[in-house]
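Welcome! Take a moment to look over the structure below, and then we will walk through its strands step by step.

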Amino acid sequence: MGRTRYNRIGARLLVLCAAMGPTWWVAASGSGASTAEASTAGASAAVASRRAAAKITVVAAENEYGDVAAQVGGKYVTVDSVESNPNTDPHTYEVSPGVAREVASAQLVIQNGVGYDAYMSKVESASASSSRTVIVVQKLLGLPDNTANPHLWYSPKTMPIVANRLAGDLAKLQPAHAAYFKANASKFVASLKPWLDAIASFKAKYGGTKAATTEPVADYLLSAMGIDNATPFSFQADIMNGVDPSPQSISLESGFLAKHKVKLFAYNQQVVDALTTSIRNTAQNAGIPVVGVYETMPTPGYDYQSWMLAEVHAIETAVTKHTSTEHL
Ligand SMILES: [Zn+2]
């Protein structure tokens, strides 16, 4: 039997990160607003002009992608993110009718793929649209469906590619603003430098540091930092998938902490249950610093780049000062 997760409060809530731009609806229905007007060439031009001025509607499955879309699209987009609640587990997310409506009216959709947000593809096929652009980050990165770790946004390689694709796809929707989108994407990529520098600096100084984790959420980042994750992937996958790990693997995991075999414990704050809580308690009791890591971007107060930089700083603080940062 699978374990029961208790952090499901609000799992069905669609949290909108911004008010749905009413402008697009006005523009979309504008052509039918007045038959007499629409019959004249002048009115048609006015409708075309209103459409060009309207904001592009973007729906992101996860708010980290929504944040990058908002940074690249700037003043010409409205972005809604389906998953942005830091107290829910995206692996058990259940789609609401509101999401279907959002996706049905979106001009651009961005989703992770690798089965992480499979509900998006179902919602998209239920409201087929030939004019909707869909970015699947997995496909963009050329990753196979059986990619073991779906948390692609923790890899430093991912978001620059995503930002440039967003700029290209937004430019197809509003060609007049192509240079603006491209400049924003370049600015975003440049703004990742403090994070990339912090990763390189940590790796140079503390590469080979041993860590333990519950779930693989931050594994791509740990790996980029040169951290050796002692927790077997099979254990992490069991936690991710809500499967009971074997008693042997639980005792191995607890041993890393109780016997001080690792310098830090990266704890997924969004995939929690009685087992992960008890493992975290073992870390706390043994004095192993705990670093909270997240599936979705913690809000308010963070954008993608400051969130990722904060995680690196929290890990470095754990290793150098033996201090926990359980919550960002
Ligand atoms: Zn996860």
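Let's start with one pair of neighbours: strand β1, covering residues 56-62, pairs with β2 in the parallel sense, and six bridges link the two. Keep in mind as you explore that this is a predicted model. From this pair we can build up the sheet around it, and then turn to another sheet further along the numbering.

**The sheet with β1**
- Look inside the pairing first: Thr57 stands opposite Thr78, which belongs to β2.
- In what order do the four strands of this open sheet come? The order is β2-β1-β3-β4, and the pairing is parallel.
- β2 (77-83) and β4 (133-136) are the edge strands, so named because each of them pairs on one side only.
- From one strand to the next, the twist averages 15°.

**A helix across the strands**
- Which strands does helix α4 lie across? This helix, made of residues 63-73, lies across β1, β2 and β3 (108-111).
- Helix α4 runs at about 155° to β1.

**The sheet with β5**
- Another open sheet is formed by four strands, in the order β6-β5-β7-β8, with parallel pairing.
- Its edge strands are β6 (228-229) and β8 (290-293), and each pairs on one side only.
- How many bridges join β5 and β6? Strand β5 (residues 210-213) pairs with β6 in the parallel sense over two bridges.
- You can find one partnership by eye: Ala211 has Asn229, in β6, as its bridge partner.

Terms used: Residues numbered from 1 in each chain as written. Predicted model: local features only at pLDDT ≥ 70, side-chain atom pairs only at ≥ 80, totals over all residues. Pairing = 2+ DSSP bridges. Axes fitted to C-alpha atoms, helices over the stretch in contact; angles between N-to-C directions. Contact = placed C-beta atoms within 7 Å.
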